[in-house]
Amino acid sequence: MKPIVMEAIDVVKSLGEGAGQVLALKGVSVSLKGGELTLLMGPSGSGKTTLLSVLGCMLSPTAGLVRVSGRTITGLRPEELAKVRRQNIGFIFQSYHLFPTLTAEENARLPLDVRGERSLDALDKAQQALIAVGLSHKFNSFPRDLSGGEQQRVAIARAVVGAPSVVLADEPTAALDRENGLAIMGLLADIAKDPARAVFVVTHDPRIEPFADRILRIEDGLLVADEARTRRLN
Amino acid sequence: MHDTAHQHGIRKGRRKILRIPLILILASRNLFHDRIRFVATIVGIVFSVVLVTVQLGLFVSCQRMITATIERARADLWIVPTGAKSFEDTNLLDGQERFHALAIPGIADVVPLVTGYATWHKPDGGTTIIFTVGFDPGKVGLQPWNLIEGGVDDLLTPNGVIVDRSYFTRLGISYIGQQAEISGQRVRVVALTNLIRSFTTAPFVFTTRERARTFLRAPSGDSNTYFLVQVSPGADIAAIRADLSRNLNDAEVITPQEFRSRSLSQWLYGTGAGAALIGGAILGVIVGTVIVAQTLYSSTKDHLNEFATLRAIGSSAFYIHQVILCQAFLSALIGFSIAAVLGLLIVRATKNAALPVIMTPNLTLGLFVLTVVMCALSAISAIIKVTRIDPAVVFNR
């Protein structure tokens with residue numbers, strides 16, 4: 001039995017106010033289990049990013065519950081949500097969002113620094129994370145000197161350096177060519193082998209379906225499919 | 001081989017992490033990233049701090065000029081004409097005060113001073129107003145200081161006066177031994193001082209008390225402008241003051257500190273000179289704050305995406321505030337360092353000017369603190385901006 005590391009129960013989220021208000025999520029329930037790579041697929045405007053933001057503790061649900069590592073985060077104040085994020089969640093973004101003025105090693109070390117981990121171990125962890133994504137020779141490179149694939153690898157190193165229980169990835173392959181995209185998904189699949197960690201990927205890209213243990217499909221703010229799969233690619 | 005090189009890399013990095021916190025690295029690189037904006041920030045701080053330095057330096061200079069004679073005088077108490085507002089007041093005491101004072105136990109000596117304005121006739125024609133200070137050369141009361149040629153004893157020669165070298169042009173003289181006239185009486189310059197300046201712009205001319213009395217056409221007798229009261233070691237100054245005050249008419253007994261405050265109040269605050277200098281300094285601080293605030297704000301706006309990413313990966317608002325404050329502090333440090341060098345050059349350049357800019361260690365420290373506070377205040381608008389960041393925007397960019 002795989003442990004549930006994050007779950008959303010009957011989550012409703014409305015965005016905007018007055019006449020412009022829309023219901024982006026209309027009662028979504030999701031549970032992410034350790035050791036699983038879950039894909040969330042759906043057309044534009046279906047609520048993927050909103051669900052990712054709610055699971056990522058960046059948006060509070062209008063109704064429903066969100067639990068991270070067993071703790072209910074609904075109703076927490078912004079600073080408390082930030083604490084939940086830094087202790088439990090790693091993020092990977094479509095456009096990497098690396099700090100252009102920091103080296104790969106410094107970018108990877110950032111989540112530890114915001115946690116207050118500033119010992120020599122933090123440096124070792126950042127370098128080990130970069131080695132794990134195949135960038136042992138790029139510690140001192142700045143993002144401008146890295147290819148798109150390499151930048152996304154640094155972003156993955158940054159996401160996992162703090163050993164989070166959940167890694168949330170937003171279209172991680174969208175800006176990459178096929179080869180780099182598959183390589184990145186291979187890394188994410190490796191990360192999802194850890195039974196204490198769930199990986200949740202929002203994507204449009206059908207090429208990465210073979211990496212998934214589970215595929216969720218969302219349309220118009222509702223989950224319309226939840227398929228368990230046998231992972232075919234690692 | 002690769003591992004060895006890698007281990008070496010880690011060891012190299014270990015030293016680095018001990019030296020520079022990541023917040024400082026991020027702040028400094030954000031700051032230096034846009035060099036034009038960085039230069040604009042530093043120029044703003046430098047101009048602001050130099051302006052404040054000059055204004056406050058002149059303020060200190062004025063303060064010292066106004067109070068120099070009072071601070072140089074050896075007196076535990078001053079007997080002054082009632083209502084005397086500054087050292088440059090010219091009312092006379094009738095002289096009985098000295099005898100009253102000497103009759104009080106605990107008073108060791110009472111040293112008279114005669115001061116007042118007179119007209120100096122230049123050797124080549126023309127006149128200028130001077131401020132005469134008459135003292136007894138044999139008494140330790142108030143004597144000219146910073147003597148660079150001649151001595152106080154030279155006043156014992158006929159018609160001797162001591163002037164300050166910086167007023168040579170004003171007095172129409174150019175060397176020691178030259179003769180002129182004061183109030184129609186011949187005088188001869190017997191000694192020179194350096195940098196004893198007068199806030200009233202009337203040059204100080206030191207001479208014997210008797211000679212000063214004739215320059216000022218003071219009534220004969222024991223009339224004097226001030227009496228410097230020197231108490232015996234261990235005597236109760238407050239009790240002596242009270243005792244002395246009871247016995248005096250048309251005269252007050254005040255402490256040097258009170259006389260100093262009165263003089264400052266009269267010249268620096270009463271004339272508006274102090275307000276103008278302080279006003280200029282405040283203006284400098286405001287201009288500096290606005291410039292730094294503007295550049296910090298625009299820098300923060302440019303790095304908003306990064307701050308949103310920081311927030312998204314879980315940084316506290318305080319962590320981001322530290323980055324911005326670090327940028328402000330670095331700007332302050334660099335700007336102040338350059339301004340301090342310029343300030344020192346200005347101090348050196350005005351050393352012999354009529355109104356020199358003065359820097360003291362306390363003033364320098366105060367200016368540094370002011371610069372840091374100014375930059376920290378400037379960071380407020382940027383901090384408000386990042387405080388409102390919605391971390392979820394990182395998914396849309």
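The exercises below, each with a worked solution, concern a predicted model.

**Exercise 1.** Describe the contact between chain B and chain A by residues and by buried area.

Solution. Start with the residues: chain A gives 40 residues to the contact and chain B gives 35 residues. Next take the area. The two chains bury about 3,400 Å² between them. Of this area, 63% lies on carbon and sulfur atoms.

**Exercise 2.** Find how many salt bridges and how many residue pairs in polar contact cross the interface of chain B and chain A.

Solution. Count the salt bridges: there are two across this interface. Then examine the pair B:Arg311 and A:Glu79. Their closest N and O atoms are 2.6 Å apart. The cut-off for a salt bridge is 4 Å, and B:Arg311 does form a salt bridge with A:Glu79. Last, count the polar contacts: 10 residue pairs, both residues at pLDDT 80 or more, are found across the interface.

**Exercise 3.** Assign the side of chain B that touches chain A to its elements, and sort its residues by class.

Solution. First list the elements of chain B that give two or more residues to this side: helix H1 (2–19), helix H2 (22–33), helix H10 (304–312) and helix H11 (317–349). Then look for the largest share; H1(B) supplies it, with nine residues. Finally sort by class: 16 residues on this side of chain B are nonpolar, 12 are polar and seven are charged.

**Exercise 4.** For A:Asp220 and B:Asp250, state the phi angle, the place in the chain, and whether the residue is buried or exposed.

Solution. Begin with A:Asp220. This residue is not a glycine, yet has a positive phi of about 50 degrees. Its place is the loop between strand S9 (214–219) and strand S10 (222–228) of chain A. The relative accessible area of A:Asp220 is 52%, so the residue is exposed, the cut-off being over 50%.

Go on to B:Asp250. Here too phi is positive, about 55 degrees, in a residue that is not a glycine. B:Asp250 sits in the loop between helix H7 (237–246) and strand S10 (251–254) of chain B. Because its relative accessibility is 67%, B:Asp250 counts as exposed.

**Exercise 5.** Place A:Ser141 in chain A, decide whether it is buried or exposed, and name the residues that it touches.

Solution. Locate the residue first: A:Ser141 lies in the loop between helix H4 (120–132) and helix H5 (148–160) of chain A. Its relative accessible area is 15%, so A:Ser141 is buried; the cut-off is under 20%. Leaving out residues up to four places away in sequence, A:Ser141 touches A:Thr103, A:Ala104 and A:Leu146.

Terms used: Residues numbered from 1 in each chain as written. Chains lettered and ligands numbered in written order. Predicted model: local features only at pLDDT ≥ 70, side-chain atom pairs only at ≥ 80, totals over all residues. Heavy atoms only, no water. Contact = heavy atoms within 4.5 Å. Buried area = accessible area lost by both parts, 1.4 Å probe. Salt bridge = Lys/Arg side-chain N within 4 Å of Asp/Glu carboxyl O. Polar contact = N/O pair within 3.5 Å; in protein donor to acceptor, adjacent residues only side chain to side chain. Helix = DSSP H or I, 4+ residues; strand = E, 2+ residues; numbered from the N terminus. Nonpolar A, V, L, I, M, F, W, Y, C, P; charged D, E, K, R; others polar. Buried < 20%, exposed > 50% of the residue type's maximum accessible area, 1.4 Å probe, protein only.
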